[in-house]
Structures are given as C-alpha cells and as structure tokens.
Amino acid sequence: MKSFTLGYLSSHFSGKLIIFFIFQAVLLFSLLGYRSWKDSSTECVRCHGDKTALEKSGFQEFYVTNEMVRTQSKHRYIECRDCHLGDGRAEDKEKAHKGMLKAVFVGEDGSRLNRLEYTTDPLLPTGDNRIYELLPKVEEAGYLYFYEDIRNILWHDRDPDTFNFDPEIAEKTCSKKPCHPNELEQFSKTVMGINYRQRFMKNWIEPYGPHNCGPSFADLPPGNELKSAALSFNNTEEIMKSLNVPFTREQAGAKQKFCNVCHAGCLDCHYTPSNEEGVHSFTKIPKSESCAGFGRGTSICHPGAMQSRRGETYIGGDYSVPPGMTPDVHYEKDIHCVDCHLTGEKGMGDIERKATCRDCHIEIEEAHGRSIHKNMDCASCHIAELRGYQLTVWGPGIVAKQPNPFKKYSLYYGMQKPPVLLKDQNGIWRPYKIWPHSLGNFKYDIPPSSSVKFRWPEGETADAYYIVGTFDDLPANNKHLLWFQIEQASHPYGRGRECESCHTGKGQVSSSSWEFYDNYGAEPFKGEHRIVADSKGLRIEGLKNTTEIKRMAGFKTEDFASWLHMRDRWKIPGDFSIKVDVKTYEKYLSLTRALKKELEKRDNSLNKLSKKQLKEYKFNKGIVLHNPDESSLLNPPVTADQ
C-alpha cells in the first residue's frame, strides 16, 4: 500500500486542489481556535478578580475569582461566560457586558428595574423574614425595609420583557454542551415546563371553570413542548368579548407578565445563594425552600399556588400566609418536597403531584385501609387549619401602575379552621380550602353548575369549583359572576384532629377570619365568615367586615368588596353532611378515648422497655391509632371499658 504523502497526493490531485484542501483545513482550525479563544472569560476574571481596582470604583461587592465560583457552584470547570454570556475577551466594560445575563428585578409597574439604582450588594439573605430574605433592603434607624418599587427578583434564565422562563437562554447556558442538554429537553416537555394547566384556561369559563388565577390572558397556547418565552394574544379577543368594559392587549400583557413571575425555570430550583456557601451556590437536589421561592417573596413558585391559594405551608413560619403556621411534621424531620414528590418518567422537572404515605408508613397505611375510615385521605385528619386567601374579588383597579378591568383583590389574608371535608371524584374524603369568588363587568348570563365540578375529571388533580351564577342587581360593575374555589389541601401534616371536629351531628362548620391588605381599594380592614357544609348544602354564612371600611379615592366597594352586596348568595345545593351511625360512633369514640388515655400512660414508662420492646411498641401504637379495632396488638390489650 502506498504511503499517504504529498508525493502521493500530487500524483492523484492537482496543485490547486491540494492548496484548496490545505486552506480549508487552516480555516477550520482557525475558526475553532478563535471560538475557543473567544469563549474564554479571561477579562471577566482579570477585572472582577482585582479587588483593589473594584474597591477604588466602589464595586467591591463584585469581587470574585474563578476558584470562588467553582467552589461555590460545585461546577469544577465552569467559566463566567457559561452562565452569564457577554464578551469575556473585551477589555471595555460596555462591550464586555453587552448581552450579559443578569438577575431580573421586577418593578411594581411591570418593568425591569436597574439593580444598581437600588443596591450593589450581592444577592444574599438579609433580615429576619425568611420568605423575603433575598429581596434588597434599605436600613433606616437600625431597621431593614423593603424597597416599595421592587416586586420580585427573577434569575438569569428569564426573558427580561415577558418574565417567562426562556428555553433559548437555557440552550446557551445550562443546556450547552457538555453541561445539561438532556435535562432541558426533558424539562421542556413536562407539566411544569410547559405550564400545562394554566395555559389551558382560554377564557373565564372554558375549559374547566372559572379559576382564582383567572384565564390565560396573553400566555402561549398549550403544547407538548416549551419553545418560546413570548406572549400570545390568541385568547385576548375572546376575553374582551366577555366584558362590559374595554380590555386592551396592553392590559392583557401586563396581567400575563405578573402571572409569568410564578412559573419556574432551571435556576428557580437549583440556584441557592446563601451566606454560608456564597452568591454562586448551586444545589443539585432542590430543598423545600427552593420550591417556595427561596426568599424572593410570596408571588413566585409555590407560595402563590400553595400558601396563598391552597392556604397550605410545608416550611411554616415566615413561609406561610399570613405567617406563623406550624411547619409540616416531615419538614421538621429534614424531609424535603422532592423526597416524596419524586421525578417521573419524563425526567427533569417531571415532579409527581401525588405522593403516598405508604412509601414510609406501610404498616399504618395498611391498618388505615382496614379501618372504618378507609375511605378518607390521610390529610383529612392531619391538617388542622388553612390560611391564605379567604375571599377573592376580580374588579376594576390598578395593575402595573395602570388602570385594568382585571385587578385581582385577593389579599383577604386569614385562616379557616378546621378544613371542610368533601368527597373527591373517586369517593375519597379529603380536606378542602373553600372560599367565595366574584368577577365584575361580566357580559354573559351563566347558569349555576349542576353540581360540584372537578377540573380534571380523570383524576389528575382533586381540585373543584362550583359556579353560583351571574347577578346584575348591584349598584355598579354588573354583571357579577360568582363561584366557589374548592382546592384540595395536602399540608401541613400535624397531629390528628379530634373525632368531635367532624362528627358534631350538626354538619361541618369552618370559621374564617381575615384582614384585607391590598394596596388598592381600601385601607386595611378585618372581617369574618363561616363555611357551612351539612345536609342542606354548602354555603357561606355570616360574611361581614368587623372593622370600618375606608375606601381609597376613586374606588367603589363593588370594585374590591362586591360581597358586601351579595353576602348570602354563595350556596351549593346538595347533601354535604358526614353520615354516621350514632351507636357505631359512640363505640369508636369510647374506644379511641380509652386508647389515647392508655397510650399516654404507657408513653411515660418507655424508659423501662428494651430497644426491641420499644420498637415493637411504637410499631403497634401506629397501627392501633389508625385502626382501633386492632387494639389487641397492645400488651395488655385496650378496651373501651378502660
């Protein structure tokens, strides 16, 4: 075989062709070399690693080195440009920062604020309120105060105009090779990534009833894969037609941008700046705080849906609305959201909505399945109260500092307890957060629902609603569409409810007390009502303000408190009572009381047991508390006569 030499090439190819091949090779290697040279972050490191120069310019907080970033982020070979883009070879500041990705400071007017006008401090936790700890603050007289103009902080993977997670930005950063290309592809096809449920709400009624979040004002249509961060006005014209007042594309866009703030991207889960690990800290497995917005306020990630809408909490304390709820017992044992809500078959971001206690409490779930309460979800007994929104009124007001017919007056923050129990679409009793809604200036007549309607009848969720109907006899903003929001509650787990809290013989009554905190409409005022569920139906009773309502200039009560004119109209016909046989109830009540009394006595003598006996006792205790019929497991057994 002849050797592959220039002599061999010259005998088979012309000189011009050989020169062409050589030129192509040189060009290819030059381009690859230039690309590699250009991808460097040399000038980023030179500038930001010069502590003396930064101190002289007043930006010492931006001092950072390669070693610091790689240690904090746990990415061994990471470069500045890998995450921030920009030009890492430019020596001029403006050229270097052109196209660079930065945190998005969202203003109350819906604009992107200039961070440097508020703070040059690194984005690290400050203050003693955990849910707001990453928001920048100003110190006055020894106290830290929030900037009123700053609504939220979004991370670098958001579109700065629409505030949506931007897959095109992620492709250039998190998803670039050899980083996480597979993870972005997976996430972009999940329910979380495509914002599946919200984007299905094309108007106020279709396809699954009116909702606390409103329709998809200007969001992208539902699809199987997220490909854009843009706005879409496909639904806007239909929403316009349903109103008695004007509604513009600009107003729809303003509403949608604030909706987009809630919906997650890569960094919402995995970027975790902390005082302990630094401003570039990343977490491979998200902690519960990441699911709850990681200290960036109450309207991002799950604080909006979980804490405000469902009235739940998992972390408790500051991470509840209003603050002060007891943490979920599992959080106190260092069990985080993703420990129970596992990743599904679609991969990254395919977080399973349903979690089962059986994964840990096998013997207890089996005992519960044999008990008289086998048709009850565990949460029915183990959730004692629900907070968050207690009323929601959609009416004319101010959104992004501009007039808008769809201002959501939802900051009627308070508590309802105990939760009302209802049967889901499969006949399982569950705790629900139930609260009245109204929408003003609605054009169409909508009849009442035939019954409580589950939004996803196939069981994807157990959330429901009931349309009360439309009313046009108020002094202003007619017609008013009324409905019940009925949201399944799953947290916080704590000690079980007492038998009497369900089996009163007089129906279920949940007491709600609240305070109106909105920035528009009126000064803060307090109120209360009751949610009653019995053989006569489900209804709101005693709805009233308990302190004076002082309206702000330019607002009518019909705008923010239309319930003042419709106090007794939220009603659902039907039988919502918890049926019970009196003799059976008395039998189990007596046995349960005897069990608790005896177990309390035995708990005080645990130091007398061996490790083996203690393990056996705790095992059997869990079983008998969830199925008193098996109290014979205790030695000696407990009877109702004790």
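This is a short talk about the cores, aromatic pairs and one cavity in the structure above.

Okay, hi everyone. One thing before we start: what you're looking at is a predicted model.

Let's begin with the nonpolar cores. The largest one has 36 residues, and the members that touch the most others are Y412, F484, F560 and W563. Strands feed into this core too: β9, β10, β12, β13, β14, β15 and β16 each give at least two residues. There's also another core lying apart from that one, with 16 residues, including F442, I446, Y465 and I467.

Now zoom in on W563. What does W563 touch, if we skip residues up to four places away in sequence? The list is L391, V393, Y412, W514, F525, L543, K544, N545 and W570. W563 also belongs to an aromatic cluster, together with Y409, Y412, W514, F516, F525 and F560.

On to aromatic pairs, and the structure holds 33 of them. I picked two. In the pair of F247 and F406, the rings sit edge-to-face, 4.8 Å centre to centre with 75° between the planes. This pair links distant parts of the chain: F247 is in the loop between α11 and α12, F406 is in strand β7, and they're 159 residues apart. Are these two buried or exposed? F247 has a relative accessible area of 5%, so it's buried. F406 comes out at 0% relative accessibility, so that one counts as buried as well.

My second pick is Y389 with Y413, and this pair is stacked: 5.9 Å centre to centre, 5° between the planes. Here Y389 comes from the loop between α19 and β6, while Y413 is in strand β8, 24 residues apart. Y389 counts as buried because its relative accessibility is 8%, and Y413 counts as buried because its value is 14%.

Next, find P447, in the loop between β10 and β11. P447 has 57% relative accessibility, so it counts as exposed. Which residues does P447 contact, leaving aside neighbours within four places in sequence? Those are I467 and G469. P447 and I467 are 20 residues apart in sequence, and their C-alphas are 7.5 Å apart in space. And yes, that's the I467 from the 16-residue core.

Last stop, the cavity. The count gives one cavity of 30 Å³ or more, and the largest cavity holds about 70 Å³ of space. Its lining includes N164, F165, R199 and H263. Sorted by class, the lining has five nonpolar residues, four polar and one charged.

That's my tour, thanks!

Definitions and conventions. Residues are numbered from 1 along each chain as its sequence is written. This is a predicted model: local features need pLDDT of at least 70, side-chain atom pairs count only at pLDDT 80 or more; totals for chains, interfaces and linings use all residues. Side-chain values use heavy atoms; hydrogens and water are left out. A nonpolar core is a set of buried Ala, Val, Leu, Ile, Met, Phe, Trp, Tyr and Cys residues joined through side-chain atoms within 4.5 Å. Buried means under 20% relative accessible area, exposed over 50%, partly exposed in between (1.4 Å probe, protein chains only). Helices (H or I, at least four residues) and strands (E, at least two) are DSSP runs, numbered from the N terminus. Contact means heavy atoms within 4.5 Å. On a 1 Å grid over the protein atoms alone, a cavity is a set of points where a 1.4 Å probe fits but cannot get out, and a pocket is an open set with protein on both sides within 12 Å along at least five of seven lines; lining residues have an atom within 4 Å of a point. Grid points are joined across faces, edges and corners, and a volume is the space filled by probe spheres set on the points. Ala, Val, Leu, Ile, Met, Phe, Trp, Tyr, Cys and Pro count as nonpolar, Asp, Glu, Lys and Arg as charged, and the others, Gly among them, as polar. Rings of Phe, Tyr and Trp (its six-membered ring) pair if their centres lie within 6.5 Å; planes under 30 degrees apart count as stacked, over 60 as edge-to-face and the rest as tilted.
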